[in-house]
Each structure stands twice: as structure tokens, then as C-alpha cells.
Amino acid sequence: MNQNHIGQYAYFQDTIRPITEANLNIASAANLYGLSVYSVLHAHHKNDSWLLFRLQDHLDRLFASAKMIGFTLPDNFLNTRSLSATIGELLRTNNCESDQFVRITIHATSLLPGIKTSDLTYHLSLFTYKANPILPKSGARIKTSLWRRTADTAIPARAKVNGAYVNSALAKQDALDSGYDDCLFLNQHGLVSELSAANICMIKNNRLYTPDVASDILEGITRRSVIDIASEQGIPVIERPIALTELYTADELFACGTSAFISPILEIDNREINAGEIGPVTKKIQKELTTRQTQANSDLITSV
Ligand code: PMP
């Protein structure tokens, strides 16, 4: 484990090897054009095994991302059962004790192929790192960015493509430089989209609102869990376009994502939310998500 809490071993080109030997060629399409698709999932350590939260959903989204950008993967590219076994082996090789994130990436590895996405060679990589949340658990301060979310007609936010994260990096850096924890993206229509690497939810009059899937968001797997949890707890869920100023008068706001977990947002554009206190619905959903991520009998869990 190094300074960044990255496991010392990674999986690349069909073998687990030291991460220092898991390298992409500088002339690969992945490096030249950002042509890799990825997902990050939460792994909980329990009784000598690892619980992988919503593995199948992460793989489905990974394939959907690959399809959207036009990767032509061979039919037998990935087998869920053998991949989950490999993830288990990697976590054990890295000798991790605490919860981890597992980053699964499909890279376009062809060398100097020209700017195209199909009929290339593709390789899978895996690495693990400590599951530290990217936003403060005590509550985040966010700022609406001047950078807009990439439109579906430019680079689809729905596809989790490495190159698209330049958009997130620009907005996040601007927020950090201005003394905030993260940015809020609006889309090209000026409507609420998401944070740099998390979705956003608003509680108003005991209902949960979140931007709909046509608001240029990544369709987060945690967002889906939040919607399920709220529905099961009798909280009406409304997915629709949201105007920025609706957020200003929210009863509660929170970010959700694998790396953000459920992070309360207590300030947006210098306006306090819920008098700077974490709200009761946020706490309830936070607690239930943790339960689901750590319960071996949940049908969303793959145990390895
Ligand atoms: N939006 C963006 C832009 C993200 O990068 C992430 C993190 N993957 C999310 C939302 C949340 O998605 P998930 O819940 O699947 O981690």
C-alpha cells in the first residue's frame, strides 16, 4: 500500500502483476484520446471474504459505456464469474484489511490507430485502493461551476469514459481553487446536472427529487440504490429536470456516488441548507446504504 492507498498489485493483460508493471503504451488509443471506459465499485471486507456491491450493475454499465462510444468487444471479452474471482484474488493479494474501491477499466490498447473507437484491441485492468470518501462526511460546501456538463450530443455523460473526465477535472479544480469541496454542474440548458463525480438529490416537503436521466448525468448506481431505499421507506421519488434555484430552498441536499457515499451538502453558492445541519432523511438513507453495502445476504452483493 503506497501513499495514495493503492494496492501494490493490479490485474492487466490477463495476469495479476505488480502495479508498476501494469502499464499502457504511450502510443495507445487509451492514452492518446482517453479511450477507456471504467467503473468503480465498493468492496466490503467481512469474515475473510469480500462483498462487492452491485457488481453486475457496474459491469452492465461498463458494457453500456463501451457500446455507446463504439468499442467492438469480442463476445467472450468478460465473464462475470471469472472476473469476480479475479477481483477476490486481487483483494487478497493486496492483503487489504479495510474496505476498498475496485476500479475496473476497459482500455483501447491499439497503437496509433487514428481517431476511431471500433475494431481496436481492448484490455481489461483492475486495481484497488482504500475506500476513502471524496467529500467530507461532516457536510460539503459546493459551488455552481462556470463549466457546463458535456451534452449528450458532445460527449455523453451517461457513458463513463476516461477522456470525458477532463470536464469534471476543470470544474472540480475551479471549485477547489475557490475554497469549495466540489462543483455543481449545470447542463447546456442551465438545469441541474450533477457534481464532478457524484449525483445530487434534494429533499423538499418530504419528497426526494433528483435530475432525470436526460439531464446529462451519469446514471449512478448509488443513485439507483437511493431511489430504491427512498421508495421502500415511503418517500415519493421524483426524477425530473431541476432548476438551480430550487436547490437553494431545499430542506436537505446530498451527493451520492460510490466514492462520495451519501455526502450531505450543507452549503451551495454561499446559501446554507437546513441551517448547516445534516437532515433526517439524509441520515436515514445514509444508514440504509451502509447496511446494504455490508450485508452478505443482500441480493445486490457478490461475495468473493
Ligand atoms: N456522476 C459522475 C460524473 C461520476 O463520476 C460518478 C461516480 N462514478 C457518479 C455520478 C456516481 O455513480 P456511482 O454511484 O455509480 O458511483
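Of the 15 residues around the ligand, which come nearest? As you open this predicted model, begin by selecting the ligand together with Arg61, Tyr165, Glu194, Thr222 and Thr258, since these are the residues of that group that come nearest.

**The ligand and its contacts**

Keep the ligand on display and select Arg61, where a polar atom of the side chain lies 2.7 Å from an oxygen atom of the ligand. Move next to Thr222, whose side chain has an N or O atom 2.6 Å from an oxygen atom of the ligand, and then to Thr258, where an N or O atom of the side chain is likewise 2.6 Å from a ligand oxygen. With these contacts in view, turn to the surface of the ligand: on its own it has 380 Å² of accessible area, and the protein covers 97% of this.

**The pocket around it**

If you now show the pockets of the protein, the largest pocket is the space that the ligand takes. Colouring the shell around the ligand by residue class will give you 5 nonpolar, 6 polar and 4 charged residues.

**A hairpin**

Select residues 182-186, which are strand 8, and residues 192-195, which are strand 9; the two run antiparallel and are joined by 2 bridges. Glu194, already met as one of the residues that come nearest to the ligand, falls within the range of strand 9. Across the pair, Leu186 stands opposite Val192. The two strands form a hairpin with 5 residues between them, and in the turn you can pick out Gly190, which has a positive phi of about 80 degrees.

**Strand 6 and its partners**

Finish with strand 6, residues 122-130, which runs antiparallel to strand 1, residues 9-12, and is joined to it by 2 bridges. Strand 5, residues 100-108, also runs antiparallel to strand 6, with 9 bridges joining them. A useful residue to centre on is Ser125 of strand 6, which has Phe12 standing opposite and is also the bridge partner of Thr105.

Definitions and conventions. Residues are numbered from 1 along each chain as its sequence is written. This is a predicted model: local features need pLDDT of at least 70, side-chain atom pairs count only at pLDDT 80 or more; totals for chains, interfaces and linings use all residues. Side-chain values use heavy atoms; hydrogens and water are left out. A residue is near a molecule or strand if one of its heavy atoms lies within 4 Å of it. A polar contact is a pair of N or O atoms within 3.5 Å; within protein, one must be able to donate a hydrogen and the other to accept it, and residues adjacent in sequence count only if both atoms are side-chain atoms. Accessible areas come from the Shrake-Rupley method with a 1.4 Å probe; for residues, only the protein chains shown count as cover. On a 1 Å grid over the protein atoms alone, a cavity is a set of points where a 1.4 Å probe fits but cannot get out, and a pocket is an open set with protein on both sides within 12 Å along at least five of seven lines; lining residues have an atom within 4 Å of a point. A molecule sits in a cavity or pocket if more than half of its atoms lie within 2 Å of its grid points. Ala, Val, Leu, Ile, Met, Phe, Trp, Tyr, Cys and Pro count as nonpolar, Asp, Glu, Lys and Arg as charged, and the others, Gly among them, as polar. Two strands pair if DSSP finds at least two bridges between them. Helices (H or I, at least four residues) and strands (E, at least two) are DSSP runs, numbered from the N terminus.
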